[in-house]
Amino acid sequence: MSSIAERINEINAELPGSTRLVAVSKYHPADAVAEAYAAGQRVFGESHVQEVVTKYNELPKDIEWHFIGHLQTNKVKYIAPFISLIHSVDSFHLLDEIEKQASKCNRVIAVLLELHVAQEETKFGFSTESLKSDILAGKLKEYPHVEFKGIMGMASHTDSVELIQQDFHQIAAFYKEMKTIVPSFSELSMGMSGDYRIALQEGSSLVRIGSYIFGERDYSK
Ligand SMILES: *Cc1c(COP(=O)(O)O)cnc(C)c1O
């Protein structure tokens with residue numbers, strides 16, 4: 001059985017120089033994060049506020065914590081002091097709160113805007129049409145304590161490589177188009193354990209990989 005360190009080295013060897021690995025450690029104990037840290041990994045992704053706060057307190061302070069799950073407005077205050085990047089910004093209501101909490105901490109918080117293109121129904125994520133019109137209307141300029149770093153997206157949950165490729169292609173095309181309007185855009189977060197190689201072909205700069213590195217998650221805890 002290969003270790004966490006071996007998996008991380010294996011993935012890093014595949015990544016182009018312009019792409020970084022976000023090791024998704026949600027539902028895995030701090031020990032597993034420490035093992036990845038010992039292998040040189042510094043960027044970790046979490047999707048629950050309480051869990052990332054606990055790990056932040058227990059683990060070395062040079063870790064970059066990325067928030068990748070749905071973020072409730074009333075919990076922004078707990079991660080605002082330390083979070084490095086929020087991948088999952090899916091509404092202007094949430095941005096209003098991030099702006100408020102970042103200002104309170106005297107920080108500028110980096111975020112990605114989450115795009116919804118996949119076939120599954122979900123409440124989360126902007127549509128390309130609505131986000132484009134908001135960006136063109138200059139809405140991103142209303143947030144001095146937020147740095148808009150780019151776009152995050154997920155592909156449809158399917159075995160069809162073609163469909164996954166189409167989804168990532170659409171997200172990447174939107175990112176490139178918006179990058180000409182928003183100069184701070186530099187990150188495109190796409191790709192998970194099952195589909196990151198396809199995401200790399202479409203130009204992902206951040207791959208979010210969990211189970212491939214840490215094994216299956218135990219949701220019973
Ligand atoms: C859990 C999660 C991942 C990691 O998924 P794996 O399939 O375990 O690699 C990536 N992105 C998001 C948004 C997630 O919630």
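In these legends, Lys and Arg count as positive and Asp and Glu as negative, while His and the chain ends are not counted. The place of a charge is NZ of Lys, CZ of Arg, CG of Asp or CD of Glu.

This is a predicted model, in which local features need pLDDT of at least 70 and side-chain atom pairs count only at pLDDT 80 or more, while totals for chains, interfaces and linings use all residues. Residues are numbered from 1 along each chain as its sequence is written, and side-chain values use heavy atoms, with hydrogens and water left out.

**View 1. Charges of the protein.** Welcome to the first view. The protein carries 22 positive and 30 negative charges, and the mean positions of the two sets lie 6 Å apart.

**View 2. The largest nonpolar core.** A nonpolar core is a set of buried Ala, Val, Leu, Ile, Met, Phe, Trp, Tyr and Cys residues joined through side-chain atoms within 4.5 Å. Buried means under 20% relative accessible area (1.4 Å probe, protein chains only), and 50% of the 221 residues qualify. The largest core holds 65 residues, and I79, I86, L113, F148 and I151 have the most contacts inside it. Helix α7, residues 161-179, gives this core its largest share, 7 residues.

**View 3. Around I86.** Here we zoom in on one residue. Leaving aside residues up to four places away in sequence, I86 touches F67, L71, I79, I98, I109, A110, V111 and L112; a contact means heavy atoms within 4.5 Å.

**View 4. Another core.** Apart from the largest core lies another of 7 residues, including V22, V43, L112 and L206.

Conventions. Helices (H or I, at least four residues) and strands (E, at least two) are DSSP runs, numbered from the N terminus.
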